[in-house]
Amino acid sequence: PGPGSNSAGLAVFEYVTRCGTVYGHTGSFPGFGQLAVSNRAGSRSMTFSINTAPPRGRLLRRLRAMQETGVCALLKD
C-alpha cells in the first residue's frame with residue numbers, strides 16, 4: 001500500500017497525496033514491504049521499507065501517514 005490515492009500505467013503508479021503527486025511503485029515479499037517514489041522530474045526520490053507482513057487496519061493507516069509525511073518532505077521546496 002502507498003500513500004494517498006493511486007493509478008498506474010506501465011507499472012509506474014501515480015500517488016496523489018495532500019502535499020502533491022509522486023510516481024513510483026510498491027512491493028512486498030513475505031515479511032517485507034517497500035515503497036519507492038520520486039517527484040515528476042525525477043530529481044528527488046524516497047524509499048520506504050518495513051520488515052513486517054502487509055499491515056491492515058490501524059497499522060495500515062499509520063504506515064500510510066508515515067509514507068505521506070515522507071512524501072511531503074520530498075516535495076517541500
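How many bridges join β2 to β3? In this predicted model, five bridges join the two strands, which run antiparallel. The pair forms a hairpin with two residues between the strands. At the end of this arrangement that can be followed residue by residue, Thr 17 has Gly 20 of β3 as its bridge partner.

The hairpin belongs to a chain with one helix and five strands. Along the sequence, these elements follow the pattern β-β-β-β-β-α. The overall dimensions come next. For 77 residues, a compact globule would have a radius of gyration near 11 Å, and the 12 Å found for the protein chain agrees with this. Taken along the principal axes, the C-alpha atoms fill a box of roughly 30 × 25 × 20 Å. Of the 77 residues, 27% count as buried. Among the contacts with a separation of 6 or more, 33% are made by residues 24 or more positions apart.

The next pairing involves strand β3, residues 20-29, which pairs with β4 in the antiparallel sense over seven bridges. Two residue pairs help to place this pairing on the structure. Thr 26 has Leu 35 of β4 as its bridge partner, and Ser 28 stands opposite Gly 33 in β4. The two strands form a hairpin with two residues between them. In the turn of this hairpin, Gly 31 has a positive phi of about 95 degrees.

Strand β4 also has a partner in β5, and these two pair in the antiparallel sense over six bridges. Here Ser 38 stands opposite Ser 45 in β5. The hairpin formed by β4 and β5 has six residues between its strands. A glycine with a positive phi is found in this turn as well: for Gly 42, the angle is about 75 degrees.

The connection between β4 (32-38) and β5 (45-50) holds a residue that repays a closer look, Asn 39, which lies in this loop. Is Asn 39 buried or exposed? Its relative accessibility is 13%, so Asn 39 counts as buried, the cut-off being under 20%. The side chain of Asn 39 also takes part in polar contacts with the backbone of the loop. A polar atom of this side chain lies 2.9 Å from the backbone nitrogen of Gly 42, the turn glycine with the positive phi. The side chain of Asn 39 reaches the backbone nitrogen of Ser 43 as well, at 2.9 Å. Leaving aside neighbours within four places in sequence, Asn 39 is in contact with Tyr 23, Arg 44, Leu 74 and Leu 75. Of these partners, Tyr 23 falls within the residue range of β3 (20-29), while Leu 74 and Leu 75 fall within that of helix α1 (57-75).

Attention now turns to the links between side chains. A search of the whole structure finds one disulfide. It is formed by Cys 19 and Cys 72, with their sulfur atoms 1.8 Å apart. The link is right-handed, with 80 degrees about the S-S bond. Cys 19 lies in the loop between β2 and β3 and Cys 72 in helix α1, so the disulfide ties together parts that are 53 residues apart in sequence. The surroundings of the two cysteines can be described through their accessibility. Cys 19 counts as partly exposed, at 33% relative accessibility, whereas Cys 72 is buried, with a relative accessible area of 17%.

Side chains of opposite charge can pair when their charged atoms come close. The structure holds one salt bridge. In this salt bridge the side chains of Glu 68 and Arg 18 meet, at 3.2 Å from N to O. Which parts of the chain does this pair tie together? Glu 68 lies in helix α1 (residues 57-75) and Arg 18 in the loop between β2 (12-17) and β3, so the parts joined are 50 residues apart in sequence. Glu 68 is buried, with a relative accessible area of 16%, while Arg 18 counts as exposed, at 63% relative accessibility.

Taken together, the loop between β2 and β3 holds Arg 18 of the salt bridge and Cys 19 of the disulfide. On the other side of these links, helix α1 holds Glu 68 and Cys 72.

How values were computed. Residues numbered from 1 in each chain as written. Predicted model: local features only at pLDDT ≥ 70, side-chain atom pairs only at ≥ 80, totals over all residues. Heavy atoms only, no water. Helix = DSSP H or I, 4+ residues; strand = E, 2+ residues; numbered from the N terminus. Buried < 20%, exposed > 50% of the residue type's maximum accessible area, 1.4 Å probe, protein only. Polar contact = N/O pair within 3.5 Å; in protein donor to acceptor, adjacent residues only side chain to side chain. Contact = heavy atoms within 4.5 Å. Pairing = 2+ DSSP bridges. Salt bridge = Lys/Arg side-chain N within 4 Å of Asp/Glu carboxyl O. Disulfide = S-S within 2.5 Å. Rg over C-alpha atoms; globule rule 2.2 N^0.38 Å.
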